[in-house]
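Subject: Structure handover

Hello,

Here is the structure I said I would pass on. Please look it over before reading the notes underneath.

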Amino acid sequence: QVQLVESGGGLVQPGGSLRLSCAQSGSIFSIYAMGWYRQAPGKQRELVATITKGGSTNYADSVKGRFTISRDNAKNTVYLQMNSLKPEDTAVYYCNAEIRVIAGTRSNYWGQGTQVTVSS
């Protein structure tokens with residue numbers, strides 16, 4: 001079994017910052033790409049940022065220059081530093097990771113989501 005546990009969401013004013021964390025645990029052999037997605041009410045889930053095992057990153061155009069994704073391979077954790085937050089960043093943020101379990105297959109796993117609300 002693999003668990004992805006997100007933390008760090010909350011309510012913040014426009015222009016503020018938040019840092020999301022996602023810790024992976026369980027019978028993990030190796031973690032490949034990790035990423036953050038978000039889903040606003042009435043909208044489809046969309047990619048926010050991804051990071052490969054080697055550290056290469058990719059961002060949605062809407063967050064470039066404001067958000068930074070990073071990972072700590074020793075802690076099996078991925079982070080999302082969000083600066084200059086806007087009301088349109090309001091959404092449930094989900095962590096995603098491509099993981100090979102011990103003596104098993106390589107699959108995609110999702111966290112339970114954490115709410116980020118940007119409002120004055």
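The notes below go through the sheet, strand pairings, disulfide, core and a few single residues.

Please keep in mind that this is a predicted model.

The four-stranded sheet

One open sheet has four strands in the order β1-β3-β8-β7, and their pairing is antiparallel. The edges are taken by β1 (2-7) and β7 (67-72); each has a single partner strand, so one side of each lacks a neighbour in the sheet. With direction ignored, neighbouring strands here are turned by 15° against each other on average. The pairing of β7 with β8 (residues 77-82) is antiparallel and runs over six bridges. Within that pairing, Asp 72 is placed opposite Thr 77 of β8.

Ser 21 is a residue of β3, the strand that covers residues 18-26. Its relative accessible area is 18%, and because the cut-off for buried is under 20%, Ser 21 counts as buried. Apart from neighbours within four places in sequence, Ser 21 is in contact with Val 5, Glu 6, Ser 7, Trp 36, Val 78 and Tyr 79.

Strand β11 and its partners

Strand β11 spans residues 114-118, and its two faces differ in cover: Thr 114, Val 116 and Val 118 make up the covered face, while Gln 115 and Thr 117 make up the uncovered one. β11 pairs with two strands described here, in opposite senses. With β2 (residues 10-12) the pairing is parallel, over three bridges, and Gly 10 has Val 116 as its bridge partner in β11. With β9 (residues 91-101) the pairing is antiparallel, over three bridges, and here Val 92 has Gln 115 as its bridge partner. Taking the two residues together, Val 116 belongs to the covered face and Gln 115 to the uncovered face.

The disulfide

How many disulfides does the model contain? The count is one. The bond joins Cys 22 to Cys 95, with an S to S distance of 2.1 Å. Cys 22 is in strand β3 and Cys 95 in strand β9, so the pair ties together parts 73 residues apart in sequence. The torsion about the S-S bond is about -80°, which means that the disulfide of Cys 22 and Cys 95 is left-handed. Is Cys 22 buried or exposed? Cys 22 is buried, at 0% relative accessibility. Cys 95 is buried too, at 0% relative accessibility.

The nonpolar core

The largest nonpolar core has 30 residues, and the members that touch the most others are Trp 36, Leu 80, Met 82 and Tyr 93. At least two residues of this core come from each of β1, β3, β4, β5 (46-51), β7, β8, β9 and β11. Which strand gives the largest share? That is β9, with six residues. One of the core members named above, Trp 36, is also among the contacts of Ser 21.

Ser 30

Ser 30 is located in β4, which covers residues 28-39. Its relative accessibility is 8%, so Ser 30 counts as buried. Leaving out neighbours within four places in sequence, the contacts of Ser 30 are Lys 53, Glu 98, Ile 99 and Arg 100. With Lys 53 there is also a polar contact between side chains, at 2.8 Å. For a sense of distance, Ser 30 and Gln 115 are 28 Å apart in space from C-alpha to C-alpha and 85 residues apart in sequence.

Positive phi angles

Most residues other than glycine have a negative phi. Two residues to check against that are Ser 84 and Ala 103. Ser 84 is not a glycine, yet has a positive phi of about 50°. Ser 84 belongs to the loop between β8 and β9 and, at 41% relative accessibility, counts as partly exposed. Ala 103, also not a glycine, has a positive phi of about 55°. Ala 103 sits in the loop between β9 and β10 (106-110). Is Ala 103 buried or exposed? Ala 103 is exposed, with a relative accessible area of 86%.

Regards

How values were computed
Residues numbered from 1 in each chain as written. Predicted model: local features only at pLDDT ≥ 70, side-chain atom pairs only at ≥ 80, totals over all residues. Heavy atoms only, no water. Buried < 20%, exposed > 50% of the residue type's maximum accessible area, 1.4 Å probe, protein only. Contact = heavy atoms within 4.5 Å. Pairing = 2+ DSSP bridges. Axes fitted to C-alpha atoms, helices over the stretch in contact; angles between N-to-C directions. Polar contact = N/O pair within 3.5 Å; in protein donor to acceptor, adjacent residues only side chain to side chain. Disulfide = S-S within 2.5 Å. Core = buried A, V, L, I, M, F, W, Y, C linked by side-chain atoms within 4.5 Å.
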